[in-house]
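Colleague: I have just opened this entry and would like to learn how to read it feature by feature. Could you take me through it slowly?

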Amino acid sequence: MSEMRWHPLLEEWVITATHRQERTYHPPRSFCPFCPSRAGRAPTEVPRKDYDVVVFENRFPTFRRQPARPAVRATRLSPVRPARGVCEVVLYSPEHDLTLAGAPVEQIYKLVRVWTDRYRELGARTFVHYVLVFENKGNAVGVTLTHPHGQIYAFPYVPPVVQRELEASRRHYSRYRRCLFCASAAEERRARRRLLFSAEGFEAFVPFYARWPYEVHVQPRRHVQDISQLTEAERWGLAGILKRVAQTYDALFGFSFPYMMVMHQRPTDGRRHAHYHFHVEFYPPHRTAEKIKYLASCESGAGSFINDTLPEETAAALRQAARRARL
Ligand SMILES: [Zn+2]
Ligand SMILES: [Zn+2]
Ligand SMILES: [Zn+2]
């Protein structure tokens, strides 16, 4: 069952996807469904001896191409719709223990090409209004399969976080005739205190308004709306800076750092959104080496994040970790 139920108080969709309860949960390493298939073993999700980057449809999708009719009847107060969309899994590498930090830049460049291709292809479908490229990494983020992979959700609507960014940046643009994202990045470059890297057409920084302790945003310097507009050099630039951010995270506390990585870009709803600016956001759940930041009452019930750290200090700690690791 996959359906969208309207939350009339928050004016947003809630997706019910009950079949996801049967997802494969922490299988032993030798039964990893994302490793290449081996002779004498049951085939994995990839029926080949080797692969490079692989994309396939999620077996436990939140959205479906042909969803069943909703279980309940809609009323005026409670609209319900079939959750029509596409959910894909992107395997980064055939190596079970590789991460973005450990992967060669060439491999991440191939990933950038794949993300671009999927953004274009899924976004071209009329029922797809937003293509969300993301990665959940580590047990602390609730990942059930450790093999390096990301996901792509092709949404039938523009999700609320992106919607809010679109509206805020539209207002900023109409008032100042300048892109809000370009302006923030220029400020970060000037101030330098929260800046981590600035190279090959990209910047990585802890935003002034970080909600998570080690939140990092990665943004192209050029004003582009989506990943498909990147030049060849910028694709390499993006691959390089994503690797550096992941390496910096691992160097921070000396273990493979969990995070959520989310790409924000132009919706594929047929509008231009020329004021919007492509960027990648990282939210790591750790606030110290041992402690996890939970989305507790204030965040969940009031929608207000409490950050126990100062972005200027976490940026300094990340820069120091990058220096130690000679990045
Ligand atoms: Zn594996
Ligand atoms: Zn811009
Ligand atoms: Zn964003």
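**Two helices, two sheets and a zinc site**

Modeller: Let us begin with a helix pair, bearing in mind that this is a predicted model. Helix H2 (residues 160–176) packs against helix H3 (residues 180–191) at an angle of about 80°, and their axes are 8 Å apart.

Colleague: How are H2 and H3 oriented to each other, roughly parallel or roughly perpendicular?

Modeller: Angles of 65 to 115 degrees count as roughly perpendicular, and H2 and H3 are therefore roughly perpendicular to each other. On the H2 side the contact is made by Glu165, Ala168, Ser169 and His172, and on the H3 side by Leu180, Phe181 and Ala183. Sorted by class, the contact of H2 with H3 comprises four nonpolar, two polar and one charged residues.

Colleague: Turning to the sheets, in what order do the strands of the nine-stranded open sheet follow one another?

Modeller: In general, strands of a sheet pair through backbone hydrogen bonds, either parallel or antiparallel. Here the open sheet of nine strands has the order S3-S5-S7-S6-S11-S12-S10-S9-S8, and its pairing is antiparallel. Strand S3 (54–57) and strand S8 (195–199) stand at the edges with a single partner strand each, so one side of each is left without a neighbour in the sheet. On average, neighbouring strands of this sheet are turned by 20° against each other, direction ignored.

Colleague: Which residue stands opposite Val55 in S5?

Modeller: S3 and S5 pair in the antiparallel sense over four bridges, and in this pairing Val55 stands opposite Val90.

Colleague: Why can strand S7 be called largely enclosed by the rest of the structure?

Modeller: The reasoning rests on burial, where buried means under 20% relative accessible area. Seven of the seven residues of S7 (residues 149–155) are buried, so this strand is largely enclosed. Both of its faces are covered, with His149, Gln151, Tyr153 and Phe155 buried on one side and Gly150, Ile152 and Ala154 buried on the other. As for its partners, strand S5 (residues 86–91) pairs with S7 in the antiparallel sense over six bridges, while strand S6 (residues 130–137) pairs with S7, also antiparallel, over five bridges. Gln151 is a useful landmark, being the bridge partner of Val89 and standing opposite Phe134.

Colleague: Which strands do the helices H1 and H2 lie across?

Modeller: Helix H1 (residues 105–123) lies across S3, S5, S6, S7 and S11, running at about 170° to S5. H2 lies across S6, S11 and S12, and runs at about 50° to S11.

Colleague: What are the protein donors of the zinc ion (ligand 3)?

Modeller: The donors are two OE atoms of Glu165, ND1 of His264, NE2 of His279 and an OE atom of Glu281, lying 1.9 to 2.5 Å from the zinc ion. Along the sequence, the donor residues are spaced E-x98-H-x14-H-x1-E. The pair of histidines links distant parts of the chain, with His264 in strand S11 (residues 259–264) and His279 in strand S12 (residues 279–283), 15 residues apart. Both His264 and His279 are buried. Glu165, met earlier in the contact of H2 with H3, is thus also one of the zinc donors.

Colleague: What is the strand order of the open sheet of three strands?

Modeller: Its order is S2-S1-S4, with antiparallel pairing. Strand S2 (12–17) and strand S4 (80–82) stand at the edges, each with a single partner strand, so one side of each has no neighbour in the sheet. Neighbouring strands are turned here by 30° against each other on average, direction ignored. Six bridges join strand S1 (residues 2–7) to S2, and His7 stands opposite Glu12.

Note on methods. Residues numbered from 1 in each chain as written. Chains lettered and ligands numbered in written order. Predicted model: local features only at pLDDT ≥ 70, side-chain atom pairs only at ≥ 80, totals over all residues. Heavy atoms only, no water. Buried < 20%, exposed > 50% of the residue type's maximum accessible area, 1.4 Å probe, protein only. Pairing = 2+ DSSP bridges. Donors = N, O, S within 2.8 Å, 3.2 Å for Na, K, Ca; no water. Axes fitted to C-alpha atoms, helices over the stretch in contact; angles between N-to-C directions. Parallel < 35°, antiparallel > 145°, perpendicular 65-115°, else oblique. Contact = heavy atoms within 4.5 Å. Nonpolar A, V, L, I, M, F, W, Y, C, P; charged D, E, K, R; others polar.
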